[in-house]
Amino acid sequence: PVMILPPKISSVWFPPKERVFATAVAVTFQSIGVAVGFVMNPYLTQQYDIRTMLIVQAEISIFIAILFTVYFPLRPPTPPSKSAEENRTNFIDSLKDLLRNRSYIVLVLSGGLIMGASFGFQSVLSVILNSSSGFNNKVKVESFLRFLQSTSWLGTISAILGSISGQVTGLLADRFQRRFKLILFILMSLTTLSILWFSLSI
């Protein structure tokens with residue numbers, strides 16, 4: 001459910017020329033959370049236990065949820081565009097229309113494959129980079145060198161770079177709104193090459 005909030009919020013709070021970038025900022029900030037998780041979760045698990053790690057995650061999530069519940073206006077005082085003032089269509093009717101749209105199905109499948117491959121790669125990173133390749137799954141925070149010897153550093157840096165590239169891409173997409181197809185093609189090609197490069201280098 002959280003994944004659908006960025007485009008919904010940007011459509012209400014931002015004008016059309018800023019919506020892609022606003023959505024990109026919100027979505028890619030999830031990568032910052034992933035980067036923190038690559039270090040925090042293994043460290044808490046090793047120093048304490050899984051139960052403590054889950055409790056800390058729950059406390060952070062509940063705190064943020066309370067902040068949004070206490071104060072988050074439904075819409076801005078002044079609509080940023082005419083489209084933001086329009087009533088949204090019924091969810092079920094919209095879903096039926098989308099399921100009949102072949103272009104939408106292709107877009108969902110292509111995006112789902114990319115996201116699935118990315119999250120799958122991150123979840124098995126510590127398995128792929130095992131001790132035989134010079135890495136380990138222990139988060140050593142005594143020194144920066146020890147941290148670089150853990151698999152967490154690669155996940156952290158890749159998540160941060162993914163966040164930065166996502167925001168840059170969102171900004172470019174806002175500037176070149178008639179080049180969405182070209183931008184998607186370039187991004188998918190770079191993703192494929194990156195995964196191939198990684199696979200051949202280990």
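Let me begin with S10, which, once its neighbours within four places in sequence are set aside, is in contact with R19, A22 and T23. This residue sits in helix α1, which covers residues 5–13, and because its relative accessibility is 4%, where buried means under 20%, S10 counts as buried.

I should say at once that what we are looking at is a predicted model, so a word on confidence is in order. The average pLDDT over the protein is 76, and 81% of the residues score at least 70. Among the elements, helix α3, residues 50–70, has the highest mean pLDDT, at 88, whereas helix α8, residues 144–148, has the lowest, at 55. Where pLDDT is low, the predicted coordinates should not be read in detail.

Now to the surface, and to a nonpolar patch of about 880 Å². Which residues make this patch? They are F29, I32, V36, I157, I160, L161, I164, V168, L172 and F176. Two elements, α2, spanning 16–47, and α9, spanning 152–175, give two or more residues each to the patch, and the largest share, six residues, comes from α9.

To take one member of the patch, L172 is placed in helix α9. Is L172 buried, exposed or partly exposed? Its relative accessible area is 42%, which lies between the 20% limit for buried and the 50% limit for exposed, and therefore L172 is described as partly exposed.

So, to set the two residues side by side, S10 in helix α1 is buried at 4%, while L172 in helix α9 is partly exposed at 42% and belongs to the nonpolar patch.

Notes. Residues are numbered from 1 along each chain as its sequence is written. This is a predicted model: local features need pLDDT of at least 70, side-chain atom pairs count only at pLDDT 80 or more; totals for chains, interfaces and linings use all residues. Side-chain values use heavy atoms; hydrogens and water are left out. Patches are made of residues with over 30% relative accessible area and no salt bridge: like charges are joined within 9 Å, nonpolar side chains (Val, Leu, Ile, Met, Phe, Trp, Tyr) within 5 Å. Accessible areas come from the Shrake-Rupley method with a 1.4 Å probe; for residues, only the protein chains shown count as cover. A salt bridge is a side-chain nitrogen of Lys or Arg within 4 Å of a carboxyl oxygen of Asp or Glu. Helices (H or I, at least four residues) and strands (E, at least two) are DSSP runs, numbered from the N terminus. Buried means under 20% relative accessible area, exposed over 50%, partly exposed in between (1.4 Å probe, protein chains only). Contact means heavy atoms within 4.5 Å. pLDDT is the predictor's confidence in each residue, from 0 to 100.
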